[in-house]
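Colleague: Could you take a close look at one place where two chains meet, and then show me how the rest fits around it? I'm new to this, so please go step by step.

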Amino acid sequence: MTDHYLVLSAILFTIGAVGVLIRRNAIVVFMCVELMLNATNLAFVSFARMHGSLDGQIIAFFVMVVAAAEVVVGLAIIMTIFRSRKSSSVDDANLLKY
Amino acid sequence: MTTMNAALAAGEVVQHPHAATGVLSATWLLIALPLAGAAILLLGGRRTDKWGHLLGTAMSLGAFLVGALAFAAMLGQKGDDRTNLVHLFQYIPAGSLNVDMNLWIDPLSISFVLLITGVGSLIHIYSIGYMAHDPDRRRFFAYLNLFVAAMLLLVLADNYIGLYIGWEGVGLASYLLIGFWQYKPSAATAAKKAFIVNRVGDFGLSVAVMVMFATFGSLSFQNVFGHASEASHGTVTAIGLLLLLGACGKSAQLPLQSWLLDAMEGPTPVSALIHAATMVTAGVYLIVRSHVIFELSPDARLLVTIVGAATLLAGAIIGCAKDDIKKALAGSTMSQIGYMVLAAGLGRPGYVFAIAHLIAHGFFKAGLFLGAGSVMHAMNDDVNMRKYGGLRKYMPITFATFGLGYLAIIGFPGLSGWWTKDGIIDAAFEKGGTSGQILGWLALLGAGITAYYMSRVMFMTFFGEPRWDEDVHPHESPRVMTIPLILLAIGSIAGGAFLIAGDRFANFLAPVVGEPEAGHKLITPYTVIVFALMVVGVGLAYVQYLRRPIPRTAPAGNVATTFARRDLYGDALNESLFMRPGQWLTRLTVYFDNRGVDGLVNGLAAFIGGTSGRVRRVQTGFVRSYALSMFVGAALVVAALFLVRI
Amino acid sequence: MTGVVAAGAHQTGESAIFWVLAVISVAAALGMILTRKAVHSALMLATVMFSFAVLYAVNEAPFLAFVQVIVYTGAVLMLFLFVVMIIGVSSTDSLVETIKGQRVAAALVGIGFVVLLLVGFGHATLPKTTGLKDANANGGNVMGLARLIFTKYVFAFEVTSALLITAALGAMVLTHRERLRPKPTQKQLSKERIKSDRVAPLPPPGTYARHNAVDMPALLPDGTISELSVSPVISRRRTGEHEDLHGASPEVVARQDTKTVKAVIDKPVEVEEEEQ
């Protein structure tokens, strides 16, 4: 059963990654990142079950905590950018280039 | 001891110096006095204008006095003890190169000291009058003192480094003096030419010094000469040839002769000093001083004689064609130095005659040059002999002294030149073999030509009808100029006899160059031939320049005359062989630098710049592009992991 | 995979839950990245997260399941929705891609990546699932996790607290706006108002409560419409689709209203005026 979960995890991770690549709204990009993190969490949890050890769940727990912190800061950054640029598109913040 | 035995077996003379005592230990004053004079006059500036010439002359005379006292002290020593060493200071204590600065006082160097300071002092005195109206007289005397000091260091140093310093000092002083009237472009060019041509010779000397250090590990005369016989034949020959190159530069021998004639751009006393007492004699000194090396290498010696013989003929031929009195005399100097180099190359019997001829030449050539200066003074600084004529009535003292110098140089029996030059010719024939014959006959021929061109100078200047410019009013020079002339004339008369008669000089120099061979005959068949050739030369000149009127402008002349007038095409040769290729090489290098090196560098830079300009377009500023590359990278990492693990 | 399914035939319940949730979560994830509106994406994400919570529960991780619901679905997603509301609920992504080839490349790399992972899983030899019965035996799942967190992972846990505090401070610093001039007092505000053209307050939208929409303009005493009474954002929308308006434009409706009201109040005058 474990590899079912792993396959699901891989598919969702890839969907998240593709979403990061194709979406321009910074908030949606963030959501896709969250999706990727959740996909890995699923893998961790199913591995924990497979090995009969709680360490995988602990890792998933820490990932959640870090994701929460990341979301807070990331959304604050999005807010700040929106205030100065009146836009939440990641393509509009492209001054740092050649 | 084995070293000494080996050296003795090779027939060399090994000098064993001992620490000098008494007056001899004060010989550092020889260099210090004129050097101090130069320093005071140069640093003192215009404050010393009033008495600068007197100080300079006093310093030179003081050095002469010290030299004379040292000479007297040396005469009091026994023959083998006459090599004295005065320790000055430790000059270069650097690892295995350890140079002590000592003065090497032996009969050879003391002879030079007396010549340099004696004739030099007379030229100093003469210059007081000659340069009386020059605003820069003080500077002139400072340079004269510097010249004398450098030359004294050259002949007194006990090692090749000290000799080299003096050598370069002489080059510097000659540059300063030849270009003394630097506002004249010709003088500035001549000074540069002298310096640059001398550099070629200096290069040879410096390489010789390096080779000596590499071979012997030391540069003092004692060590180099003591161990010379241990070095390989090739090394010794190389050193000898390099030393010869140095001597050629300083002594204006072929092929580095071209600077000497142009050096006439300097004031006349400078010419006298360069030609009689300092500078050109340095090459002869170098060869004689290094005779141990030359004696070990017959090849080098042969080349020395060839150079000497070629130069003595070349100088004589150039002297025949010049209408400029100073240039005619300069050609004669080349020729006479050629005799000395020839003699020095001949070996044991020749050294004595080389130095004796050098000293005799110092007297009569200084007299001739100073006499020429006196004549120029009378003729408003005109140097063209075609505008002279009949001056003997107006300048009796100059005429008498110049005439005595003239008789000395052509080898009139009894006068200085006869004693020494004939000795050289005899020595050439005594060398034996075909080469001896050839060298001897060439020297004979040179003697004849010498008589011809010197008679030409004499007749054109002092005899015949006046051909002066209209505003010229000849007059005898002041006493400060004539007294040195008289003293030099006395030297021209008696110097040779004093040195040669009874082998006096040969015995004196014996500790340096070896015992003279017994039984040097004064009159040989060759001396008769020399005399005959001399008479022929004088007669030819008499017919050409006294019986016939001399045109005020030079006739066109034939090919030979043009050849001689153009200094045997020496300058043209240098120009086509070195200057033009050098210029082309420079242009080629510049072109290569601009196009090749710069092109490569700029091209590379442009390539990198262009590539960067294109590659930087990858940095679009779009986060999603970067994310894409990261994702691709992650995919590749995963793929790589699989490839490794599966 | 079939082997695993066959081997776990006795877990039909789990299998069924998995297949249902897998389909739902993949569909929701695809919807999330494909829908144009950010709010819809957030809702799709919420769906995925709820599915995950259930999957965690199935995977013997009840604590994580609750944390998932509370932290992710409750807190994080609400934060997302807040931000979406603040910076423009109406903003929709344009469907035109600006970076050339980005979508194709993303799709290709995505497919390649997932194929790679699946191939890797296919080759991997996984041990037989042990289950967490033993690990959860001593006081249950929460006790087990707590024991690990406060013993083995206590240092990481402490660092996490530092991380959270830092993140909170960072968010405050980032969103904080510096006040460039002192806050105006009541006195200053009243002075400003006297100086301005309009002393009275702005007219409120709507009149006589015939219409309660904010986009209905107020009427001036002479019966004309006051543009000031409606927010410029709303007025610009100009949908004209209010049910109250019955297809007419707000101006027409307002005039009708005025007429009706005036007819009721000042009938004789109104009639006179009408006759004039």
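**Where chains C and A meet**

Modeller: Let's begin with polar contacts: across the interface of chain C and chain A, the rule finds 18 residue pairs of this kind, both residues at pLDDT 80 or more. Keep in mind as we go that this is a predicted model. Which parts of chain C help make its side of the contact with chain A? Seven helices each supply at least two residues: α1 (2-7), α2 (12-34), α3 (38-58), α4 (62-86), α5 (102-123), α6 (140-150) and α7 (154-175). The largest share comes from α2(C), with 12 residues. If you sort the residues on this side of chain C by class, you get 57 nonpolar, 21 polar and 9 charged.

Now for the extent of this contact. Chain C brings 87 residues to it, and chain A brings 67. Together the two chains bury about 7,100 Å², and carbon and sulfur atoms account for 74% of that. Three residues are worth clicking on here: Ile33(C), Phe80(C) and Ile87(C) supply 9% of the area that chain C buries against chain A, more than any other three residues.

There are charged partners across this interface too: the rule finds 3 salt bridges between chain C and chain A. Take Arg49(A), which forms a salt bridge with Glu60(C); their closest N and O atoms are 3.2 Å apart.

Chain C also touches chain B, so let's set that contact beside the one we just saw. Here 13 residues come from chain C and 12 residues from chain B. The buried area between these two chains is about 1,100 Å², with 80% of it given by carbon and sulfur atoms. How many salt bridges are there between chain C and chain B? The count is 0. As for polar contacts, the rule finds 1 residue pair across this interface, again with both residues at pLDDT 80 or more. On the side of chain C that touches chain B, the classes come out as 7 nonpolar, 5 polar and 1 charged residues.

From there we can step inside chain B. The largest nonpolar core has 193 residues, and Tyr160(B), Leu243(B) and Trp259(B) have the most contacts inside it. Helix α16 (residues 348-378) of chain B gives the most to this core, namely 18 residues. Apart from it there is another core, of 81 residues, and this one includes Ala28(C), Val84(C), Ala106(C) and Phe113(C). As background, nonpolar side chains tend to be buried together in soluble globular proteins.

Zoom in on Tyr160(B) to get a feel for its surroundings. Leaving out residues up to four places away in sequence, Tyr160(B) touches several others, among them Val209(B), Phe221(B), Leu243(B) and Ile293(B).

Thr311(B) makes a nice second stop, and you'll find it in helix α14 (residues 298-321) of chain B. Is Thr311(B) buried or exposed? Thr311(B) counts as buried because its relative accessible area is 0%, and the cut-off is under 20%. A polar atom of the Thr311(B) side chain lies 2.6 Å from the backbone oxygen of Val307(B). Beyond four places in sequence, the contacts of Thr311(B) include Gln253(B), Leu254(B) and Met334(B).

Last, some salt bridges within chain B. Arg289(B) and Asp106(B) meet through their side chains, at 2.9 Å from N to O. Arg289(B) is in helix α12 (residues 280-289) and Asp106(B) is in the loop between β3 (97-105) and α4 (107-130), so this pair links parts of the chain 183 residues apart. Both Arg289(B) and Asp106(B) are buried. Another pair is Glu168(B) and Arg199(B), joined by a salt bridge at 2.7 Å, N to O. Glu168(B) is buried, with a relative accessible area of 19%, whereas Arg199(B) is partly exposed at 35%. Then there is Lys193(B), whose salt bridge with Asp262(B) has its closest N and O atoms 2.8 Å apart. That pair joins helix α7 to helix α10 (residues 258-262) of chain B, across 69 residues of sequence. Finally, Arg46(B), Asp49(B), Asp136(B), Arg138(B) and Arg139(B) are linked in a network of salt bridges. Over all chains, the whole structure has 16 salt bridges.

Note on methods
Residues are numbered from 1 along each chain as its sequence is written. Chains are lettered from A and ligands numbered from 1 in the order in which they are written. This is a predicted model: local features need pLDDT of at least 70, side-chain atom pairs count only at pLDDT 80 or more; totals for chains, interfaces and linings use all residues. Side-chain values use heavy atoms; hydrogens and water are left out. A nonpolar core is a set of buried Ala, Val, Leu, Ile, Met, Phe, Trp, Tyr and Cys residues joined through side-chain atoms within 4.5 Å. Buried means under 20% relative accessible area, exposed over 50%, partly exposed in between (1.4 Å probe, protein chains only). Helices (H or I, at least four residues) and strands (E, at least two) are DSSP runs, numbered from the N terminus. Contact means heavy atoms within 4.5 Å. A polar contact is a pair of N or O atoms within 3.5 Å; within protein, one must be able to donate a hydrogen and the other to accept it, and residues adjacent in sequence count only if both atoms are side-chain atoms. Buried area is the accessible area (1.4 Å probe) that two parts lose on being put together, summed over both. A salt bridge is a side-chain nitrogen of Lys or Arg within 4 Å of a carboxyl oxygen of Asp or Glu. Ala, Val, Leu, Ile, Met, Phe, Trp, Tyr, Cys and Pro count as nonpolar, Asp, Glu, Lys and Arg as charged, and the others, Gly among them, as polar.
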